[in-house]
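Open the model in your viewer and keep the selection tool ready. Each stop below says what to select and what to look for.

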Amino acid sequence: MAILELRDVTSGYGEVQILWGVTLALQDGSMTSLVGANGAGKTTLLRTIMGVNRPWQGQIIFEGEDVSKLPPHAKAARGLVLVPEGRQLFSHMTVLENLAMGATPKRSRAEYNRNLELVFEMFPRLKDRQNQKAGTMSGGEQQMLAVARGLMASPKVLMIDELSLGLAPFLVLQLFESLKKLRETGITVLLVEQNVRMALAVTDYAYVLAEGRVEIQGPSREVAHNPDVQKAYLGL
Amino acid sequence: MDAILRSLIDGLLLGFVYGIAAMGLTLIWGVMNVINLSHGSLISLGMFSLYFLFTGLGIHPYLAVVITAILGLLLGIVIYAIAVHRIINAPHLSTLLATYSVNMIILGIGTAILSTSPYNVPFDLGSIKVATSVVPTTRLIAAIVAMLVAGGLYLFLQYSRLGRYIRAVTDNREAAEIVGIPSAQILAFSFGLGTMLAAISGGLIATFFPFTILAGGAYELKSFVIGVLGGLGNPVGSLFGGLILGAIEGLVPLAMPTTWTPVLEFVLFVLILLVRPTGLFGGSE
């Protein structure tokens with residue numbers, strides 16, 4: 001069953017249209033990757049799903065309900081959570097305060113302690129730095145905090161924009177492993193990732209976005225063997 | 001020496017009250033980058049609120065300050081919803097014009113109903129000895145109330161859930177919205193808090209100074225000087241800024257005619273802007 005569905009969604013900034021009718025579906029408990037060249041509209045798509053950018057047309061269906069017109073905070077309350085590009089942390093607040101802000105949705109508050117334990121286990125670095133101001137940490141640590149903050153919300157659907165940006169390769173591997181573990185807990189993940197090879201290796205299903213449209217879609221393994229994808233994104 | 005100390009104490013007590021007025025201005029600036037040009041008229045409304053609650057309904061002035069605070073909070077939320085929210089993302093000129101319009105509306109209606117003649121709250125608690133000098137008790141109580149309000153605000157922002165939401169919205173409004181904080185409501189509430197601080201300071205000033213509907217304007221200007229001294233967007237810095245300004249106002253008349261006080265204040269204002277534009281105690285850029 002699809003937990004999140006987009007039907008013919010268009011959006012953009014001001015007069016500039018970026019998305020030209022995107023239709024996609026995330027199966028409950030699956031991991032889906034969204035790949036494409038710079039400027040293909042990946043970030044805009046995530047922002048539109050979240051409601052930071054208003055969809056111009058089309059529908060966004062979350063758990064069978066039309067949420068197209070809801071503001072971001074109402075979507076977060078329902079369990080649709082975005083880890084935004086460029087991290088977007090509360091830089092003047094401490095690591096712990098950032099994590100506490102991640103647990104804003106009412107449904108996540110009862111699980112605060114368990115979630116905190118989980119993210120500290122995933123990112124021991126954050127535990128060591130919990131009283132440090134987020135803005136004073138390194139880029140990699142900030143990226144960890146951004147993901148951890150998303151997890152604090154007890155997400156049903158976790159959308160991550162550019163997971164590996166600014167992270168050391170071994171950390172990226174570690175993060176992907178953690179994400180796989182998360183899948184077992186039933187979280188649905190939508191991953192925007194510049195490392196196409198790795199994204200296709202860990203996810204079940206993939207969408208390739210080009211010029212604001214879904215160009216190719218299918219099980220990740222098949223997409224990885226698609227000659228166009230190999231030529232354009234995998235350098236084969 | 002005695003005269004200096006007396007003037008200093010006088011000025012510092014007043015400085016606490018200036019401090020919370022400025023806190024209101026700087027809180028709103030910090031949270032939403034809006035310069036609230038209706039700040040002065042809201043201080044005036046605080047004065048008249050206290051006046052009418054006391055002379056009209058016979059409510060004790062310090063209870064009237066509490067009621068004035070609540071009315072200020074509500075009025076601020078209404079002003080935000082009507083005049084500010086629709087242009088919150090527009091360039092600064094729009095928010096300046098909008099809050100200036102609110103200012104003109106309040107002053108226009110206020111002048112029509114209350115005229116511009118001075119009012120006075122007939123309330124006196126005698127005098128009390130502070131260190132070596134004797135000060136009106138109302139001024140000492142006003143300073144204590146202002147201190148409590150400032151301390152309370154700090155604790156509220158630092159430790160309460162709502163206070164943390166305000167800081168999160170101040171820090172990064174889009175991120176706050178993404179993690180589930182209803183940012184529009186937080187902005188409205190913050191504007192209410194800023195207005196509440198203006199109303200409290202007006203109410204406290206009315207317990208010892210006569211005032212007109214236009215009186216708040218002078219305190220608005222002081223709030224700007226203090227805001228810049230303490231760092232705009234830094235509410236705690238405002239309290240120190242208020243004390244500095246109060247001390248200047250207390251001491252200047254000893255050396256030169258009182259009319260020089262605003263001159264010195266604004267010289268200081270310009271100097272700080274030139275040398276240290278983030279304020280003596282740091283603030284948001």
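Select helix α1 of chain A, residues 42-50. In this predicted model, α1(A) lies across five strands of chain A: β3 (31-35), β6, β7 (157-161), β8 (188-192) and β9. Its direction runs at about 150° to β7(A). Now add helix α7 of chain A, residues 139-151. This helix packs on the sheet too, where it touches β6 and β7 of chain A. The angle between the directions of α7(A) and β6(A) is about 175°.

Stay with α1(A) and color by burial. How many of its nine residues are buried? Nine of nine are, and the helix is mostly covered. The buried set includes the charged-end names K42(A) and R47(A), along with L45(A), L46(A), I49(A) and M50(A). Step one residue past the helix to G51(A): its phi is positive, near 100°.

**The sheet**

Hide the helices and show the strands of chain A. Six strands form an open sheet, in the order β6-β7-β8-β3-β9-β10. The pairing is mixed. At the edges sit β6 (80-83) and β10 (213-219) of chain A, each pairing on one side only. On average, neighbouring strands are turned by 15° against each other, direction ignored.

Zoom in on β3(A). Five of its five residues are buried, so the strand is largely enclosed by the rest of the structure. In a regular strand the side chains alternate between the two faces of the sheet. Show side chains here: M31(A), S33(A) and V35(A) point one way, while T32(A) and L34(A) point the other.

Which strands pair with β3(A) in the parallel sense? One is β8(A), over four bridges. There, M31(A) stands opposite V189(A). The other is β9(A), again over four bridges. Find L34(A) opposite Y207(A) on that side.

Move on to β9(A), residues 205-210, and its pairing with β10(A). These two run in the antiparallel sense, with six bridges between them. Select A210(A) and look across to R213(A) in β10(A), which it stands opposite.

**The core**

Next, select the nonpolar residues of both chains. The largest nonpolar core has 154 residues. Those with the most contacts inside it are A148(A), M159(A), V17(B) and A146(B). Helix α1 of chain B, residues 2-32, supplies the largest share of this core, 16 residues. Center on A148(A). Leaving out residues up to four places away in sequence, A148(A) touches L99(A), V119(A), F123(A) and L126(A).

**Chain B**

Switch to chain B alone. Count 11 helices and two strands. From the N terminus, the elements run α-α-α-α-β-β-α-α-α-α-α-α-α. The radius of gyration of chain B is 18 Å, close to the 19 Å that the globule rule gives for 285 residues, so chain B is as compact as a globular protein of that length. Its C-alpha trace spans about 60 × 45 × 35 Å along the principal axes. Of its 285 residues, 52% count as buried.

**Where the chains meet**

Bring chain A back. Here 14 residues of chain B are in contact with 23 residues of chain A. On the chain B side, α6 (161-171) and α7 (173-179) each supply at least two residues. Which element of chain B gives the most? Select α7(B): it gives five residues. Color that side by class to finish: six residues are nonpolar, three polar and five charged.

How values were computed
Residues numbered from 1 in each chain as written. Chains lettered and ligands numbered in written order. Predicted model: local features only at pLDDT ≥ 70, side-chain atom pairs only at ≥ 80, totals over all residues. Rg over C-alpha atoms; globule rule 2.2 N^0.38 Å. Buried ≥ 20, exposed ≤ 12 C-beta atoms within 10 Å, placed from the backbone. Pairing = 2+ DSSP bridges. Axes fitted to C-alpha atoms, helices over the stretch in contact; angles between N-to-C directions. Contact = placed C-beta atoms within 7 Å. Core = buried A, V, L, I, M, F, W, Y, C linked by C-beta atoms within 7 Å. Nonpolar A, V, L, I, M, F, W, Y, C, P; charged D, E, K, R; others polar.
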